[in-house]
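Please open the model in the viewer and keep the sequence panel visible. The tour proceeds by selection, one stop at a time.

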Amino acid sequence: MGRIDQETVNRILDAADIVDVVSDFVKLRRSGANYKGLCPFHNERTPSFSVNRARNICKCFSCGKGGSPVNFIMEHEQLSYQEALRYLARKYNIEIVEKEQSPEEQQAQNDRESMLAVNEFALNEFRRNLLETDAGRDLALAYFRHRGLNDAMIERFRLGYSLDKGSAFVDAARLAGYNDKYLIETGLAGVSEREGQKRLYDRFRGRVMFPVLSLSGRVIAFGGRTMRSDKTVAKYVNSPESVIYKKSNELYGLYQAKSAIARRDKCIMVEGYLDVISMHQAGVENVVASSGTSLTEGQIRLLRRFTNNVTLIYDADPAGIKASLRGINMLLDEKLDVKVLLLPPGDDPDSFAQNHSSSEVEEYLAQHEEDIIAFMTRVLMRDVPSNDPTARAKVINVILGSVAHIDDPVKRQEYLQQCSRMLGLSEEVLVRQLNILIAKRYEEAETNEARRAARESLGELDNENAAGQDKHEAEQEEAPLLNLNVNRLKPFEEILARYLVRFGLLYIVNMTDENGNDMPATVYDVISSELAADGITFTHKPYQAVFEAIGAIRNDGAWLADRIVRQGEIEDEVRMKLEEAREKLRMEGGSMAKIEKVEAETRMELAVFREERINEFDMQYGQNLLVNSPDDMVRNTALELLVDRYTISRFYTRQGDNLSEQAQLPSLVPTAIYELRNAIVSDIIKDLTMQLSGLPADRAEEAFAIMKEIQERKELQRRLTKALGDRIILPGAISQR
């Protein structure tokens with residue numbers, strides 16, 4: 001399946017009406033300029049799902065999900081970007097035209113489709129082996145029956161069996177016309193070499209098979225469990241990573257569990273294949289597994305597409321519990337609400353689900369899950385001697401270290417109070433230590449970001465050594481920017497990113513070009529020019545992605561071509577309105593002076609009409625492309641910045657006129673740039689001051705140079721503050737409703 005060409009994409013985006021699309025799934029009612037309904041992504045009684053037809057977006061102000069028509073379909077139907085476009089094309093009867101691919105793109109697409117095809121063939125072969133061969137029925141099916149699985153679960157999870165013969169599957173695949181290359185790359189076949197001859201063999205021979213499915217239900221990998229008792233044979237063999245399978249981005253059972261997770265707004269995490277299947281058989285269907293690996297960022301972000309609530313199930317093995325706690329901070333970093341459930345001694349999720357009825361399993365889950373911090377405190381402190389203060393302090397720091405990863409101040413305070421009660425320590429003591437750990441966390445994040453940026457810079461330098469020493473010196477001059485406080489700069493960058501999303505293509509001022517000519521400049525032009533002059537880039541990746549995306553739109557001829565067409569349409573409307581006004585004057589009659597006065601007023605009104613319409617086109621053109629971008633980061637960031645969750649502090653001119661935000665842009669955009677510059681200069685001054693304080697007394701000349709640079713930076717800061725005058729808009733001036 002090829003990629004849809006851009007012209008077809010544009011037709012789909014133009015045709016897709018957000019109210020029409022959402023109405024297929026949600027009963028909407030008008031509420032002012034918008035529509036409201038019950039959110040389809042979580043259970044609620046009071047409507048919090050808002051649909052804005054003018055901007056063609058939707059948003060739940062409770063769970064945060066929504067977006068453009070494409071994004072809504074992606075979320076609701078759990079489809080990829082291209083799949084969602086095809087869904088909307090079918091809805092609006094738009095013929096799909098696929099773009100021509102380069103030979104490299106075509107080859108990559110062919111490889112991917114071939115690997116998926118051979119996996120699908122393997123799935124059917126393994127299913128046939130399980131159900132239609134004597135070995136499959138006598139060994140593999142008997143094993144599944146012994147593990148308590150019924151036919152419905154064997155079918156639901158598409159379980160199978162690989163015959164215990166050296167190359168039975170390879171021979172069948174070759175006979176069906178599948179290429180050896182794809183048998184090897186998918187891991188279905190291994191390669192051995194004897195006497196200089198290479199031969200293929202079945203990697204999964206003699207194993208029961210657990211297919212791993214993508215979100216759309218395609219087979220991307222397999223896990224195979226041996227049927228032998230030989231201890232020298234690996235218990236499990238899994239598919240290797242490939243272009244279709246990245247283990248760190250997949251969760252076993254998510255395809256079968258995604259609807260239940262979204263419906264219940266909770267995901268339960270277990271460890272193994274059979275744990276998942278047995279829980280589903282017990283009626284608890286919102287269960288997935290990380291397949292024996294530690295949780296990764298990719299898996300956690302995949303979960304966040306469905307829910308913010310995660311329950312981790314552990315058996316009673318203390319060593320296993322403590323080892324698993326390492327992934328908890330990653331869950332907390334992603335702002336997930338984490339709970340833990342400890343099973344009775346001797347049980348794992350598989351055995352517990354097999355030995356209890358559905359109602360008993362549900363009841364146990366409801367009554368025994370506890371929040372992660374209480375669980376950590378109880379489990380980690382359980383084995384610490386009360387007379388060993390060093391060991392206690394070490395464990396307390398581990399617990400507080402996890403609390404430090406909770407950004408919500410209210411939730412953090414609740415956990416502190418809970419820890420205070422459970423540990424028998426005052427809140428004041430815990431708060432002091434927690435603040436140290438939070439500062440350490442941010443310092444580590446900044447250090448890691450600086451190292452990343454430094455590595456990238458060094459990589460660029462290595463690739464351009466031919467540029468010589470001048471290039472090296474230029475890199476050295478920019479070095480202070482590597483130490484910027486990324487977290488402190490984020491709110492300043494967010495203001496600029498918001499202007500780019502909402503008004504990026506809007507012309508607001510004239511700028512002098514390199515030839516000394518005045519040229520009209522958009523919001524993007526102003527921001528791009530000013531940041532480039534200082535060598536500044538956005539430190540927050542999503543904002544940099546938005547900046548680059550709006551820049552690509554600005555510099556693409558398609559926008560200007562469409563703008564010219566729209567200007568022509570607007571001129572036609574203006575002429576029509578002017579003629580209607582003249583006809584009305586002729587009908588009403590009156591003196592020549594009155595007619596001239598009314599016509600002059602009409603022309604002024606139409607001038608405003610003309611400007612408003614073209615401005616509206618410019619704004620919506622950029623917004624529409626950003627919220628429908630195939631880039632997940634761009635699309636989600638644009639939606640977040642576009643939704644009306646900000647109230648800009650009122651801005652008054654010296655005459656006291658209250659202006660709209662759009663009218664303020666010629667002042668607001670430069671102000672935001674000045675504020676970002678000011679914050680950067682402040683960070684550089686802080687960094688230089690720390691360097692100065694660490695210098696020994698015998699390095700006076702170096703200290704003098706640093707002091708001189710600090711003074712220069714402070715002078716620049718003074719000029720920036722003066723330039724801002726009484727129109728400074730700080731992040732604090734923007735409040736969330």
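Select N71 and G66: a polar side-chain atom of N71 lies 2.9 Å from the backbone oxygen of G66, a polar contact being a pair of N or O atoms within 3.5 Å, in which, within protein, one must be able to donate a hydrogen and the other to accept it, and residues adjacent in sequence count only if both atoms are side-chain atoms. This is a predicted model, in which local features need pLDDT of at least 70, side-chain atom pairs count only at pLDDT 80 or more, and totals for chains, interfaces and linings use all residues. Residues are numbered from 1 along each chain as its sequence is written, and side-chain values use heavy atoms, with hydrogens and water left out.

N71 belongs to helix α3 (residues 69-77); helices are DSSP runs of H or I, at least four residues, numbered from the N terminus. Its relative accessibility is 4%, so N71 counts as buried (under 20% relative accessible area, 1.4 Å probe, protein chains only). Now display R635 and N636: beyond neighbours within four places in sequence, N71 is in contact (heavy atoms within 4.5 Å) with these two and with G66.

Next, select helix α17, residues 372-382. Why is α17 described as largely enclosed by the rest of the structure? Of its 11 residues, 9 are buried, so the description follows. Among the buried residues are I372, F375 and M381. Finally, add D371, which caps the N-terminal end of α17: one of its side-chain oxygens lies 3.1 Å from the backbone nitrogen of I373.

Definitions and conventions. Buried means under 20% relative accessible area, exposed over 50%, partly exposed in between (1.4 Å probe, protein chains only). Helices (H or I, at least four residues) and strands (E, at least two) are DSSP runs, numbered from the N terminus.
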